[in-house]
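Please open your viewer, bring the whole chain into view, and keep the selection tool at hand for the stops that follow.

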Amino acid sequence: MQHPAVPELAHTHTRPIHWVATATALAGVIALTSLLQPKPATAAQATDAKPAPATTVAPATIGVDFPIECGPVQPLVVKQATGDLDGDGTPETVAVVHCDAAMGTPPDSVYVLTHSADRTHARVVATLVAPKDRKTVTSLAVTHGAVLATLLGYSTPDVPSCCPDLKDTAKWQWKDNRFIRSTPAGAHSV
């Protein structure tokens, strides 16, 4: 009979004492880790840190009570753009709205929305174009804190609503606690 090159090792067979030793070691590791926990986190900020804005999400147009009279039909948001218009770090929403009429070309309105004081909904804070102006907004953008729009309009009340004959560009900026149109109304023929 030939003997193996490596003698049989006594610890290769598990015995109850091995399981007890493993369980004791594992319990010791768990107990030690529960004692070595990091300090609890606090809500205090460092004094040199700038507070984050209250919200960085622009207000939504859903559920807003727009100041437009539509009779039996609902107001419809047809365009919107967002950006920080007043420099407070919180974005506003600019919405182009008209009545959801089945026929004709209803005039557009342009409203600026911000969050309500309790931040649960949006509210209208400015009207840049009113329905009585009889304008159609073909483009809308917010760039560098300014609202930019291209407006189509009518030279006289006799021009049919289907066929605006004037084109105008407009730019509004927040100044002295109100929106000021910095490009004068200088409509050109279409």
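The tour begins with the whole protein and then visits its disulfides and its salt bridges.

**The whole chain**

Keep in mind throughout that this is a predicted model. Colour the chain by secondary structure, and you should be able to pick out 1 helix and 9 strands, with the helix coming at the N-terminal end of the order and the strands following it. If you then switch to a surface display, the accessible surface comes to about 13,200 Å², and 59% of it belongs to carbon and sulfur atoms. Of the 190 residues in the protein, 28% count as buried.

**First stop: C70 and C99**

Select C70 and C99 and show their side chains, where you will find a disulfide whose sulfur atoms are 2.1 Å apart. The link is left-handed, with -85° about the S-S bond. Which parts of the chain does this pair tie together? C70 lies in the loop between α1 (16-35) and β1 (75-83), while C99 belongs to strand β2 (residues 92-99), so the disulfide ties together parts that are 29 residues apart in sequence. Turn the surface on again around this pair, and note that both C70 and C99 are buried.

**Second stop: C162 and C163**

Now move along to C162 and C163, which are joined by another disulfide, with 2.5 Å from S to S. This link is also left-handed, with -70° about the S-S bond. Is C162 buried or exposed? With a relative accessible area of 56%, C162 is exposed, because residues over 50% are counted that way, whereas C163, at 40%, counts as partly exposed. These two stops cover the count of 2 disulfides in the protein, and in sequence order the bonded cysteines pair as 1-2, 3-4.

**Third stop: R181 and D168**

Select R181 and D168 next, and look for the salt bridge in which their side chains meet, at 2.8 Å from N to O. R181 sits in strand β8 (residues 178-181) and D168 in strand β7 (residues 166-175), so this pair connects parts of the chain that are 13 residues apart in sequence. D168 is buried, with a relative accessible area of 5%, while R181, at 29%, counts as partly exposed.

**Last stop: K132 and D133**

Finish by selecting K132 and D133, which form a salt bridge whose closest N and O atoms are 3.7 Å apart. K132 is exposed, with a relative accessible area of 70%, and D133 is partly exposed, at 32%. With this pair you have reached the full count of 2 salt bridges.

Terms used. Residues are numbered from 1 along each chain as its sequence is written. This is a predicted model: local features need pLDDT of at least 70, side-chain atom pairs count only at pLDDT 80 or more; totals for chains, interfaces and linings use all residues. Side-chain values use heavy atoms; hydrogens and water are left out. Helices (H or I, at least four residues) and strands (E, at least two) are DSSP runs, numbered from the N terminus. Buried means under 20% relative accessible area, exposed over 50%, partly exposed in between (1.4 Å probe, protein chains only). Accessible areas come from the Shrake-Rupley method with a 1.4 Å probe; for residues, only the protein chains shown count as cover. A disulfide is a pair of cysteine sulfur atoms within 2.5 Å. A salt bridge is a side-chain nitrogen of Lys or Arg within 4 Å of a carboxyl oxygen of Asp or Glu.
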